[in-house]
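Subject: Model for you, with notes on the interface and one sheet

Hello,

Here is the structure I promised to pass on. Please open it alongside this message.

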2 protein chains.
Amino acid sequence: MRMLKGNAIVAQSGGPTAVINSSLCGVVEQWQKSNAPGLIYAGVSGIKGILAGHIIDLGRQDPAAISGLRYTPGAGIHSCRYKVQPEDQVKMIEIFKALNIRYFFYNGGNDSMDTAHKTLLAAREAGYEMRIIGVPKTVDNDLPFTDHCPGFGSAAKYIAATVRETGIDLESVSTKNKVTILEAMGRNAGWLTAAGALAKRSPKEAPHLIYLPELPFSQESFLADVEKVYKDLGYVYVVVSEGLVNEKGEYCFTSGGTDAFGHAQLSGVGEALKQVVESQLGIKSRCNTLGTAQRSAMHFASLCDRDEAYLTGAKAVECALAGQSGIMVTIERISDEPYQSRPGQIPLEAVANKEKKIPREWINEAGNYINQQFITYARPLIEGEIDIPMRYGLPDYVTLNLEKGRVN
Amino acid sequence: MRMLKGNAIVAQSGGPTAVINSSLCGVVEQWQKSNAPGLIYAGVSGIKGILAGHIIDLGRQDPAAISGLRYTPGAGIHSCRYKVQPEDQVKMIEIFKALNIRYFFYNGGNDSMDTAHKTLLAAREAGYEMRIIGVPKTVDNDLPFTDHCPGFGSAAKYIAATVRETGIDLESVSTKNKVTILEAMGRNAGWLTAAGALAKRSPKEAPHLIYLPELPFSQESFLADVEKVYKDLGYVYVVVSEGLVNEKGEYCFTSGGTDAFGHAQLSGVGEALKQVVESQLGIKSRCNTLGTAQRSAMHFASLCDRDEAYLTGAKAVECALAGQSGIMVTIERISDEPYQSRPGQIPLEAVANKEKKIPREWINEAGNYINQQFITYARPLIEGEIDIPMRYGLPDYVTLNLEKGRVN
């Protein structure tokens with residue numbers, strides 16, 4: 001295989017996860033130790049930053065800060081949500097040419113894999129040889145062809161711990177507030193919502209009901225379900241997805257706006273259902289909306305997830321230096337118990353813009369809880385905790401200097 | 001001092017904290033190792049349980065479960081919110097007499113200290129010799145005469161970590177959602193809201209604005225504040241109390257109901273302000289409402305808080321066996337750096353139904369942030385983490401058997 005000489009660029013896209021920086025760290029450290037044929041740049045704020053010329057040489061960062069990305073949440077080189085236009089693709093290739101960038105590692109979800117794929121087509125069109133590899137990332141776990149996505153395990157662990165803790169709280173206080181609703185992230189796929197079930201050790205324990213975006217939501221059935229559990233136990237813990245849909249496939253609750261990709265901005269499912277329970281059943285309720293804490297709670301992230309996030313980043317560099325291009329690194333599961341996985345790969349165009357949902361047979365017949373298959377699938381992904389340096393009682397996360405080593 | 005022979009009872013009251021069970025553990029273990037003059041009972045579900053006759057002999061529990069209370073959130077022997085009536089006091093003394101209960105340890109907030117005090121008066125009235133000691137508990141930190149309350153440090157630590165993590169998330173994504181609002185617990189005192197400031201390491205970092213219930217909230221000033229930070233940084237992180245009040249001292253946002261003590265049920269301050277920012281400033285916003293996770297997040301509780309919670313419980317037993325009664329154990333601060341504290345005490349009637357708020361001079365002049373005095377005060381209280389046995393990637397909390405050892 002011919003060595004392609006030139007520099008590399010890495011960028012992050014979309015909502016961060018607790019471990020997206022571990023993938024970044026994997027890319028940078030693997031590049032640096034591979035006797036690679038050039039510099040490793042970062043596009044600051046994803047594609048938008050590359051287009052705006054905000055590109056830095058990551059070799060100029062303190063190696064301790066790069067290493068600290070392993071335990072730092074957020075997007076260390078910042079990310080964006082931006083739908084690339086055809087003229088942007090042309091401009092991007094110009095920028096890559098000017099900096100002799102021959103390797104592009106793009107860390108994101110399904111929109112980003114589409115962008116990466118189109119960038120590769122634009123490079124071919126321009127007759128510019130490049131190797132482009134996608135690194136998967138999303139708390140939503142909705143990327144197809146990979147057993148799971150880096151980012152999911154950590155968010156799932158945090159949500160499950162929160163359900164266990166707030167479930168114990170709910171059960172232990174004799175007050176009027178006897179229904180707790182936790183609203184979980186996951187636009188169209190219920191993986192994070194279902195993760196609440198990992199909390200349950202016995203039938204009495206939380207959660208009791210789970211409503212996923214995979215199935216149409218019926219308010220009538222919901223109220224009947226809540227009432228039944230309330231009669232049995234005296235308290236009810238419900239986990240709901242932010243993206244519940246009705247029979248027609250329309251979101252049950254939206255705030256009206258849309259994001260850069262035309263996706264509906266969701267909000268308020270939990271709060272709306274709290275009001276439904278109070279007005280229809282007369283039971284005082286609480287709603288906990290963890291919001292962005294779900295995707296940034298590094299203080300209780302999964303070690304398994306973190307290590308896999310690092311490995312997918314490192315593997316992307318390995319693949320590119322070995323001559324591969326136009327693929328996304330995947331995670332293949334070898335076994336459940338003991339859990340084992342290895343990196344795999346899939347063409348970018350296969351994964352672009354597709355969503356993976358929870359299989360129907362993993363959801364119970366009534367559509368208000370998940371089956372054992374999900375537990376078997378998700379449990380290993382939340383194993384292990386991460387050591388984080390602490391200062392004054394709080395995690396002492398690192399910060400990269402995003403102005404240092406600017407190329408222009 | 002004459003030894004008062006008889007049994008003891010312990011009960012928990014109000015909303016749980018991450019460490020209320022550590023105080024319970026301190027009471028039980030100290031009683032058991034003190035060659036105490038009787039059994040140690042629990043009133044299951046607080047005063048309501050005692051009145052209903054749900055009383056168990058804690059000596060019958062597995063000692064490993066009692067010990068595990070040190071790392072288990074929720075109210076291990078369940079709690080209630082219930083305003084005791086004069087006839088209840090008479091009935092309670094009858095129950096105590098019947099079981100030869102001479103010691104009563106009540107773990108709760110200011111309402112509970114009032115209940116404990118009235119119970120003591122009822123016992124005196126009935127000519128029944130008893131020793132009653134209050135053990136402080138509240139995430140709100142609003143009990144007077146104690147430097148701080150067990151429960152506050154753990155909730156403060158979790159909130160500060162969440163602000164740091166979601167603040168990094170906010171800063172690192174270039175999207176439309178550039179205002180994040182975190183709503184913190186604390187009905188009339190802003191201690192937990194202010195705790196968000198512990199997250200800040202540099203001026204650019206979250207939080208940027210803090211609104212406390214100690215000062216009247218002005219929507220006009222709020223919008224001007226948000227707009228200014230947005231112009232300077234491009235993103236704004238706001239921490240608000242659930243109990244913001246207007247110039248007249250009325251809650252700005254309530255859901256209409258009241259609890260058993262006539263306190264207004266609050267909800268939706270954060271969500272309401274998110275809508276205000278979006279409609280008035282045209283900046284897309286997010287609201288994170290951690291809800292009961294704030295008071296139950298044992299997975300990131302403070303070791304300092306946990307150890308002090310245990311000590312206040314143990315000290316209550318020590319005081320009672322030494323002949324004291326009618327007091328609440330307090331925490332006295334000896335020094336800030338290195339942080340040192342010791343148990344103190346205050347008459348129950350002094351503390352009953354009183355609230356401690358943040359001093360005006362600890363809040364900045366503009367009323368939109370807190371001063372260094374608060375940081376100096378709060379920082380030591382969030383130090384240290386707690387080892388928790390893990391199973392399948394989640395904290396494996398203990399459960400007491402609340403039917404075992406029932407006295408009737």
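Below are notes on the contact between the chains, then on one sheet.

First, the ground rules. This is a predicted model, in which local features need pLDDT of at least 70, side-chain atom pairs count only at pLDDT 80 or more, and totals for chains, interfaces and linings use all residues. Residues are numbered from 1 along each chain as its sequence is written, chains are lettered from A and ligands numbered from 1 in the order written, and side-chain values use heavy atoms, with hydrogens and water left out.

**The interface**

Chain A and chain B each put 61 residues into the contact (heavy atoms within 4.5 Å). The area buried between them is about 5,200 Å²; that is the accessible area (1.4 Å probe) lost on putting the two parts together, summed over both. Carbon and sulfur atoms give 50% of it. On the chain A side, Glu165(A), Tyr392(A) and Leu394(A) lose the most area to chain B, together 13% of what that side buries.

Four salt bridges cross the interface (a side-chain nitrogen of Lys or Arg within 4 Å of a carboxyl oxygen of Asp or Glu). One of them links Arg295(A) to Asp169(B), with the closest N and O atoms 2.7 Å apart.

Helices (H or I, at least four residues) and strands (E, at least two) are DSSP runs, numbered from the N terminus. Helix H6 (152-172) of chain A gives the most to the side that touches chain B, with twelve residues. That side of chain A divides into 23 nonpolar, 21 polar and 17 charged residues. Here Ala, Val, Leu, Ile, Met, Phe, Trp, Tyr, Cys and Pro count as nonpolar, Asp, Glu, Lys and Arg as charged, and the others, Gly among them, as polar.

Strands also pair between the chains: two bridges join E7(A) to E4(B), running parallel. Pairing needs at least two DSSP bridges. Ser174(A) has Cys80(B) as its bridge partner.

**The sheet in chain A**

Seven strands form an open, mixed sheet in the order E3-E2-E1-E5-E6-E14-E15. E3 (55-57) and E15 (339-347) are the edge strands. Three bridges join E1(A) to E2(A), which run parallel. Ile9(A) stands opposite Tyr41(A) there.

Helix H5 (residues 110-125) packs on the sheet, touching E5, E6 and E14 of chain A, at about 165° to E5(A). Angles run from 0 to 180 degrees between N-to-C directions, with axes fitted to C-alpha atoms, for helices over the stretch in contact. Helix H11 (residues 303-321) lies across E5, E6, E14 and E15 of chain A, at about 170° to E6(A).

Best wishes
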